[in-house]
Amino acid sequence: MKETLILIPGLGSTEVTWQHQTQHLGDLLDVQVLVMDQAKRRAELVEALLSQAPERFHLAGHSFGGWLAQAVAATAPERVSKLMLLNTYARHNPEHIGLLELFKENLHQGLLSETLDANLQNIIFPGRLEDEKLVQPIQKMLKGFPPASYEHQVQAMIDDYATEDLLPQITCPTLVVHAREDNTFPSAELEFIADQIPAAQFTIIEECGHMSPMERPQAITALMRLWFEG
């Protein structure tokens, strides 16, 4: 029987984020994508995920998904076999919280599309901003995400932003992945996460921005195959 791998997408993201991984890891794992947008509190999102997950499972999260995955692994360490955290954060960051507050304000003003257009340069490797095969699916996914779901996810991060106190409670083997050109979360933040988790390793994806599962899908899938199979 295959082990289950649960994948959590980032803010405003869906199963589209993990399309390559879902298609190419099915021979090894029972891959499930869970979009976590049911509540405005981190603890409630953790509870919702654990209620849907099997008794034991592997877990990977990107960005917002990585933030939530940290809390899941710390809350139920006996249930998470292995963990992968991609392009995410842990420490309190007033600047990023301010950006989340601004995003929420723009959302309330009906400026979602304009905000996402302006932010595109921050989430994709600069050399691929003209790559329509990459950009169009990302923009379609983000612009199609329900405003109420954005509201839930953003408020959850604002209210329970920092996870650094949870990191020592994560006991499973963990792979922390940074993308070299990520303009959202710097290498130092991912290295901090890896340093604070007792059984963590750290790696870097080159020529890649914040949206690593979609920008470098083959590389992320290969990392997952090695990590969760080994």
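This note sets out points on the sheet, two loop residues and the two largest pockets of a predicted model.

1. Overall sheet. The model holds an open sheet of 6 strands, arranged in the order 2-1-3-4-5-6, and the pairing is parallel. Strand 2 (29-33) and strand 6 (200-205) stand at the edges with a single partner strand each, so one side of each has no neighbour in the sheet. From one strand to the next, the twist averages 20 degrees. As general background, strands of a sheet pair through backbone hydrogen bonds, in either a parallel or an antiparallel sense.

2. Strand 4 and its burial. Strand 4 covers residues 80-86 and is mostly covered, with 7 of its 7 residues buried. In the strand order of the sheet, strand 4 stands between strand 3 and strand 5. The pairings on its two sides are taken in turn below.

3. Pairing with strand 3. Strand 3 (residues 57-62) runs parallel to strand 4, and 5 bridges join the two. Within this pairing, leucine 59 has leucine 83 of strand 4 as its bridge partner. The connection between these strands passes through helix 3 (residues 64-75), and strand 3, helix 3 and strand 4 together make a right-handed β-α-β unit.

4. Pairing with strand 5. Strand 4 also pairs with strand 5 (residues 174-179), in the parallel sense and over 4 bridges. Leucine 85 stands opposite valine 176 of strand 5, while the bridge partner of leucine 86 in strand 5 is valine 177.

5. Serine 63. This residue is found in the loop between strand 3 and helix 3, a helix that belongs to the β-α-β unit described above. Serine 63 has a positive phi of about 60 degrees although it is not a glycine. Serine 63 is also buried, because its relative accessible area of 10% falls under the 20% cut-off.

6. Glutamate 207. A second residue other than glycine with a positive phi is glutamate 207, for which the value is near 50 degrees. Glutamate 207 lies in the loop between strand 6 and helix 9. Strand 6 is one of the edge strands of the sheet.

7. The largest pocket. The largest pocket holds about 700 Å³ of space. Its lining consists of 30 residues, and those nearest the centre are Leu11, His96, Asn119, Ile123 and Thr184. Helix 4 (94-108), helix 5 (112-123) and helix 7 (147-159) each supply at least two lining residues. Helix 4 gives the largest share, 7 residues. By residue class, the lining comprises 15 nonpolar, 14 polar and 1 charged.

8. The second largest pocket. The volume of the second largest pocket is about 220 Å³. The residues that line this pocket include Val16, Thr17, Gln19, His20, Arg128, Asp131 and Lys133, together with Leu134, Pro137, Pro213, Met214 and Pro217. Two or more of the lining residues come from each of helix 1 (19-24), helix 6 (132-143) and helix 9 (212-215). Helix 6 provides the largest share, 3 residues. The lining of this second pocket divides into 6 nonpolar, 3 polar and 3 charged residues.

Technical notes:
Residues are numbered from 1 along each chain as its sequence is written. This is a predicted model: local features need pLDDT of at least 70, side-chain atom pairs count only at pLDDT 80 or more; totals for chains, interfaces and linings use all residues. Side-chain values use heavy atoms; hydrogens and water are left out. On a 1 Å grid over the protein atoms alone, a cavity is a set of points where a 1.4 Å probe fits but cannot get out, and a pocket is an open set with protein on both sides within 12 Å along at least five of seven lines; lining residues have an atom within 4 Å of a point. Grid points are joined across faces, edges and corners, and a volume is the space filled by probe spheres set on the points. Ala, Val, Leu, Ile, Met, Phe, Trp, Tyr, Cys and Pro count as nonpolar, Asp, Glu, Lys and Arg as charged, and the others, Gly among them, as polar. Buried means under 20% relative accessible area, exposed over 50%, partly exposed in between (1.4 Å probe, protein chains only). Two strands pair if DSSP finds at least two bridges between them. A crossover is right-handed if, with the strands pointing away from the viewer, the path from the first strand over the helix to the second runs clockwise. Axes are lines fitted to C-alpha atoms, for helices over the stretch in contact, and angles run from 0 to 180 degrees between N-to-C directions.
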